Amino acid sequence: MLNIALFGPPGAGKGTQAARLVERYHLHYVSSGDLLREEIQEGTDIGRAVQEIIARGGLVSDEMIVRLLEKTIRKIREQTPARGFLFDGFPRTFVQAYILEGLLLKMHSSLMNLFSLEVPPEVCTERLLGRAQVSGRSDDTREVIEVRLREYAEKTAPVLGFYQEKGILVPVDGTRSVDGVFDQITRVVDESLRKVQLNVVVLGAPGSGRSTQAKRIAAQYNLHYINTTDLLREVATRPDAQGRMVAELMEQDALVPDEIVIRAVEGYIRSHPEKNGLIFKGFPRTLVQAYILDGLMRKIGQRVSCILDLRVPTLELFRRLSARGATQRALPYDRATEGIVRRIEAHERHAPDILNYFQRSRRLHVVDGLGTPDEVFQRMTAHLEEVQRHAR
Ligand code: AP5
Ligand code: MG
């Protein structure tokens with residue numbers, strides 16, 4: 001999960017940046033200020049209790065905040081999936097910093113970065129008085145702004161020490177343009193994302209257990225399982241010329257042009273941003289596609305973290321595929337020895353170049369594919385754990 005927080009005095013631009021970050025990274029937005037204002041508007045118990053405190057510019061009690069956040073997070077998680085959370089205006093006290101640790105722990109996650117937007121008080125005041133013309137906020141008056149800035153300096157700013165110690169504090173020059181501030185933040189988030197995303201390629205001959213293992217890994221690590229054959233089958237159902245061409249090629253068991261494969265993979269990745277990474281099966285199939293995959297990942301600010309190559313002796317592959325040929329799960333080529341030979345040969349023709357390509361970048365892990373599915377799965381996850389440890 002990608003969880004970040006925006007910190008800074010009133011008027012620093014937290015809300016402004018939050019709107020753009022939420023869209024770019026597909027995050028759930030949690031603004032304690034907005035939540036409190038909603039409670040006031042709806043006239044709830046919490047709303048009535050905090051109305052006056054906010055109008056004065058003071059801080060609402062930690063207890064009230066934790067109750068509100070718990071409720072909100074529970075509700076949000078039942079709704080649409082997202083990649084993580086963006087916290088705006090929270091935590092504001094030491095107690096709240098610990099509360100956030102606990103809330104995230106409950107979700108088996110943690111805060112990746114806390115961005116502190118640094119803006120001098122006089123600039124904040126000027127901005128907020130500007131915003132007052134349109135905001136309709138009870139606390140956007142000169143006297144209350146002064147109190148809010150004082151509260152920030154006394155109670156909230158010291159919380160920065162907590163995050164400095166944790167090593168995840170990122171100071172940002174908040175006096176730059178909105179775009180300038182956004183650039184500073186996204187550069188750091190993109191870099192951190194590269195480290196935490198787990199993007200895996202599973203290689204191996206037909207019958208080596210790629211699909212079985214890749215699907216299990218996808219479930220365990222919350223990754224998107226990307227099977228290019230499935231993606232292309234979807235393209236083949238489209239009623240346009242390209243769809244018809246792909247359908248024909250697939251029927252003849254011929255390779256689909258790389259441009260179409262790339263577009264299908266990129267389209268899928270861009271429209272499904274909410275998981276912890278990707279796991280590819282059946283891609284790359286050629287050396288050209290190995291280059292393409294690295295290029296594609298770079299374009300979207302990602303990288304392939306590791307390649308798992310499942311090794312199974314050829315005789316055993318035959319045994320497995322012929323056995324599958326006699327079951328309901330048979331693929332068309334499993335049924336005749338000729339089909340199996342053709343598949344294994346095609347794999348052997350391309351595999352050395354692909355392995356050589358990935359070997360050079362030291363991301364290749366060879367995994368013994370013999371044994372029960374559980375045994376193989378354990379070997380594979382041992383490699384992934386190691387990759388994740390190194391990434392941190
Ligand atoms: P909250 O709603 O969080 O308000 P705040 O912290 O005072 O911050 P603001 O929303 O006023 O400013 P912002 O940093 O979001 O700036 P914005 O992007 O709008 O909290 C309100 C109250 O609720 C608190 O006082 C407290 O009582 C209570 N509360 C909330 N959370 C709490 C908690 N966790 N614990 C206890 N109490 C809590 O930008 C401001 C203006 O500047 C805009 O007009 C914008 O267009 C402009 N601007 C933004 N960026 C730039 C830029 N780079 N250059 C030029 N102009 C810019
Ligand atoms: Mg705000």
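In this predicted model, a polar atom of the aspartate 368 side chain lies 2.9 Å from the backbone nitrogen of leucine 370. Aspartate 368 itself belongs to strand β10, which covers residues 364-368, and apart from its neighbours within four places in sequence it is in contact with Arg311, Val376 and Arg379. With a relative accessibility of 38%, aspartate 368 counts as partly exposed, because that category takes in values between 20% and 50%. Serine 177 offers a distant point of reference: 191 residues separate it from aspartate 368 in sequence, and the two C-alpha atoms are 54 Å apart in space.

That separation can be set beside the division of the chain, which consists of domain 1 (2-194) and domain 2 (198-391). The C-alpha centres of domain 1 and domain 2 lie 42 Å apart.

In soluble globular proteins, nonpolar side chains tend to be buried together. The largest nonpolar core here has 33 residues, and those with the most contacts inside it are Leu36, Val60, Phe87, Phe90, Leu111 and Tyr163. Two or more residues of this core come from each of β1 (4-7), α2 (32-42), α3 (45-56), α4 (62-78), β3 (84-88), α5 (94-106) and α8 (160-166), and α4 supplies the largest share, six residues. A second core, separate from this one, has 30 residues and includes Leu231, Ile260, Ala264 and Phe283. Returning to tyrosine 163, and leaving out residues up to four places away in sequence, one finds that its side of the picture includes contacts with Pro91, Ala97, Leu100, Leu111, Leu114, Ile168 and Leu169.

Most residues other than glycine have a negative phi, and most peptide bonds are trans. Against that background, the bond that joins phenylalanine 90 and proline 91 is a cis peptide bond, with omega about 0 degrees, and proline 91 sits in the loop between β3 and α5. Another cis peptide bond, again with omega about 0 degrees, joins phenylalanine 283 and proline 284, where proline 284 is part of the loop between β8 (277-281) and α14 (287-299).

Positive phi values are found at asparagine 222, where phi is near 55 degrees, and at arginine 362, where phi is near 60 degrees. Asparagine 222 lies in the loop between α10 (210-221) and β7 (224-227), and its relative accessible area of 33% makes it partly exposed. Arginine 362, in the loop between α16 (337-360) and β10, counts as exposed at 77% relative accessibility, because the limit for that class is over 50%.

The last part of the picture is ligand 1, which is surrounded by 31 residues, the closest being Thr16, Gly58, Arg92, Arg131 and Arg148. An N or O atom in the side chain of arginine 92 is 2.6 Å from an oxygen atom of the ligand, while an N or O atom in the side chain of glutamine 96 is 2.8 Å from a nitrogen atom of the ligand. Valine 60, already named among the core residues with the most contacts, has a backbone N or O atom 3.1 Å from a nitrogen atom of ligand 1. Taken alone, ligand 1 exposes 1000 Å², of which the protein buries 86%. The elements that give two or more residues to the surrounding shell are α1 (14-25), α2 and α6 (121-135), and α2 gives the most, with four residues.

How values were computed: Residues are numbered from 1 along each chain as its sequence is written. Chains are lettered from A and ligands numbered from 1 in the order in which they are written. This is a predicted model: local features need pLDDT of at least 70, side-chain atom pairs count only at pLDDT 80 or more; totals for chains, interfaces and linings use all residues. Side-chain values use heavy atoms; hydrogens and water are left out. A nonpolar core is a set of buried Ala, Val, Leu, Ile, Met, Phe, Trp, Tyr and Cys residues joined through side-chain atoms within 4.5 Å. Buried means under 20% relative accessible area, exposed over 50%, partly exposed in between (1.4 Å probe, protein chains only). Contact means heavy atoms within 4.5 Å. Domain bounds come from an automatic or database domain assignment. A polar contact is a pair of N or O atoms within 3.5 Å; within protein, one must be able to donate a hydrogen and the other to accept it, and residues adjacent in sequence count only if both atoms are side-chain atoms. A residue is near a molecule or strand if one of its heavy atoms lies within 4 Å of it. Accessible areas come from the Shrake-Rupley method with a 1.4 Å probe; for residues, only the protein chains shown count as cover.
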